[in-house]
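Biologist: I would like to walk through this protein with you. Please keep the answers short.

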Amino acid sequence: MSESDGYLLDNRQTEAAERFDAFTALFDPTTFRHLEGLGIGSGGRCWEVGAGGASVVSWLAEKVGPDGEVLATDIDTSLLTSVTRPPVRVRVHDVGAEEPPGEGFDLVHARLVLVHVPDRERALRSMVKALRPGGVLLVEDADPALQPLVCPDEHGPEQVLANRLRRGFRRLLAERGADLSYGRRLPRLLREAGLDDVRADACFPLTSPACAALESATVRQIRDRLVAAGIATDDDIDRHLANVAAGGMDLATAPMISAWGRKP
């Protein structure tokens with residue numbers, strides 16, 4: 001899906017790198033804990049789907065070493081130039097519209113990707129198809145409907161404004177085909193896709209500098225869309241960004257559900 005198709009959070013926008021930095025701080029510890037538990041090691045073959053930023057790709061490259069392979073794909077690979085060297089290969093690829101870019105992978109991983117993909121069912125089938133027998137799929141995705149507020153403790157006008165803008169953001173995502181309840185379905189979907197030994201857990205960051213950085217970058221990235229849709233005025237957004245910068249709000253992200261299973 002490209003910007004012309006209505007994708008709200010284009011990797012080429014200035015704020016995209018800031019958002020990926022925030023995701024790194026918020027979610028890399030959870031992702032790496034799961035990957036460690038799945039036993040990815042020297043010589044492994046991995047497909048990182050919708051890689052976006054470079055942190056997970058770099059971590060996998062270190063784990064698999066020179067005898068392994070990490071294939072990093074995205075519809076926009078502009079933020080992956082720093083890791084484009086063996087054992088990493090980078091390829092432009094749309095997981096929801098194209099055949100898998102290879103088979104026989106020990107690990108296929110996607111983080112905060114499928115919720116935005118219109119044909120999520122096809123994407124999941126593609127990822128399972130790409131695994132070798134015994135290979136593992138790890139899908140980590142948000143569930144904004146499970147916890148829809150950026151300020152769960154809505155106790156003042158600053159929090160009321162923040163949550164109003166978050167509702168607008170969710171509306172814009174839904175209008176562009178995002179499934180805001182996708183995360184909670186992942187365990188069932190992995191079982192229905194034929195995977196064994198399916199497990200899942202959730203990560204719910206609340207109150208950290210990375211939460212504030214993510215909120216600021218996201219609102220700045222979609223500012224024009226919020227105004228054009230009549231969700232907020234420029235004054236509303238300026239006031240909210242100042243409130244975030246002041247550091248007095250307890251900001252949250254949507255829960256990220258991690259689900260994994262093994263191909264028979």
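Modeller: Bear in mind that this is a predicted model. Let us begin with a helix contact. Glu158, Leu161, Ala162, Arg164 and Leu165 of H4 touch Asp236, Arg239, His240 and Asn243 of H8.

Biologist: How many nonpolar, polar and charged residues are in the contact of H4 with H8?

Modeller: Take the residues by class. Leu161 is one of those on the H4 side, and Asp236 is one of those on the H8 side. The contact of H4 with H8 holds three nonpolar, two polar and four charged residues.

Biologist: Is H4 parallel, antiparallel, perpendicular or oblique to H8?

Modeller: The axes of H4 and H8, residues 234–246, come within 10 Å and cross at roughly 120 degrees. Roughly perpendicular covers 65 to 115 degrees, and roughly antiparallel needs an angle over 145. H4 is therefore oblique to H8.

Biologist: Is the crossing of H4 and H8 left-handed or right-handed?

Modeller: Here we ask about the sense of the turn. H4 passes H8 in a crossing that is left-handed.

Biologist: H4 also lines a cavity. What is the volume of the second largest cavity?

Modeller: The whole structure has two cavities of 30 Å³ or more. The lining of the second largest one includes Leu165, Arg166 and Phe169. The volume of this second largest cavity is about 40 Å³.

Biologist: Which helices each supply at least two residues of the lining of that second largest cavity?

Modeller: The lining is made by Leu165, Arg166, Phe169, Glu215, Thr218, Val219, Ile222 and Leu226. By class, that is five nonpolar, one polar and two charged residues. The helices that each supply at least two are H4 (157–175) and H6 (209–221).

Biologist: Now to H6 and H1. Is H1 roughly parallel or roughly antiparallel to H6?

Modeller: The axes of H1 and H6 come within 9 Å and cross at roughly 155 degrees. An angle over 145 counts as roughly antiparallel. So H1 is, with respect to H6, roughly antiparallel.

Biologist: How many nonpolar residues are in the contact of H1 with H6?

Modeller: H1 brings Glu15, Ala16, Glu18, Arg19, Ala22, Phe23, Ala25 and Leu26, while H6 brings Ala210, Cys211, Leu214, Ala217, Thr218, Arg220 and Gln221. Two residues of this contact are polar and four are charged. The nonpolar ones number nine.

Biologist: H1 has a contact with H2 as well. Is H1 roughly parallel or roughly antiparallel to H2?

Modeller: H1 spans residues 14–37 and H2 spans residues 55–64. Their axes come within 10 Å and cross at roughly 30 degrees. Angles under 35 degrees count as roughly parallel. H1 and H2 are therefore roughly parallel.

Biologist: Which residues of H2 meet H1?

Modeller: The crossing of H1 and H2 is right-handed. On the H1 side, the contact has Thr24, Asp28, Thr31, Phe32, Leu35 and Glu36. On the H2 side, it has Ser55, Val56, Trp59, Leu60 and Lys63.

Biologist: Let us turn to the second largest pocket. Which element gives the largest share of its lining?

Modeller: About 180 Å³ of space lies in the second largest pocket. Its lining is Arg120, Glu121, Leu124, Arg125, Asp179, Tyr182, Leu189, Glu192 and Ala193. Two elements give two or more residues, helix H3 (120–129) and helix H5 (186–192). The largest share, four residues, comes from H3.

Biologist: How many charged residues are in the lining of the second largest pocket?

Modeller: Split the lining by class. Four of its residues are nonpolar and no residue is polar. The charged ones number five.

Biologist: Now the backbone. Is the peptide bond from Pro86 to Pro87 cis or trans?

Modeller: Most peptide bonds are trans. Pro87 sits in the loop between strand E2 (69–74) and strand E3 (88–92). Omega of the bond from Pro86 to Pro87 is near 5 degrees. The bond is cis.

Biologist: Is phi of Asp197 positive or negative?

Modeller: Most residues other than glycine have a negative phi. Asp197 is in strand E6, residues 196–203. Its phi is near 55 degrees, and that is positive.

Biologist: Where is Thr207 found?

Modeller: Phi of Thr207 is near 65 degrees, a positive value in a residue other than glycine. Thr207 lies in the loop between E6 and H6.

Note on methods. Residues are numbered from 1 along each chain as its sequence is written. This is a predicted model: local features need pLDDT of at least 70, side-chain atom pairs count only at pLDDT 80 or more; totals for chains, interfaces and linings use all residues. Side-chain values use heavy atoms; hydrogens and water are left out. Axes are lines fitted to C-alpha atoms, for helices over the stretch in contact, and angles run from 0 to 180 degrees between N-to-C directions. A crossing is left-handed if the near helix is turned anticlockwise from the far one by less than a right angle, and right-handed if clockwise. Contact means heavy atoms within 4.5 Å. On a 1 Å grid over the protein atoms alone, a cavity is a set of points where a 1.4 Å probe fits but cannot get out, and a pocket is an open set with protein on both sides within 12 Å along at least five of seven lines; lining residues have an atom within 4 Å of a point. Grid points are joined across faces, edges and corners, and a volume is the space filled by probe spheres set on the points. Ala, Val, Leu, Ile, Met, Phe, Trp, Tyr, Cys and Pro count as nonpolar, Asp, Glu, Lys and Arg as charged, and the others, Gly among them, as polar.
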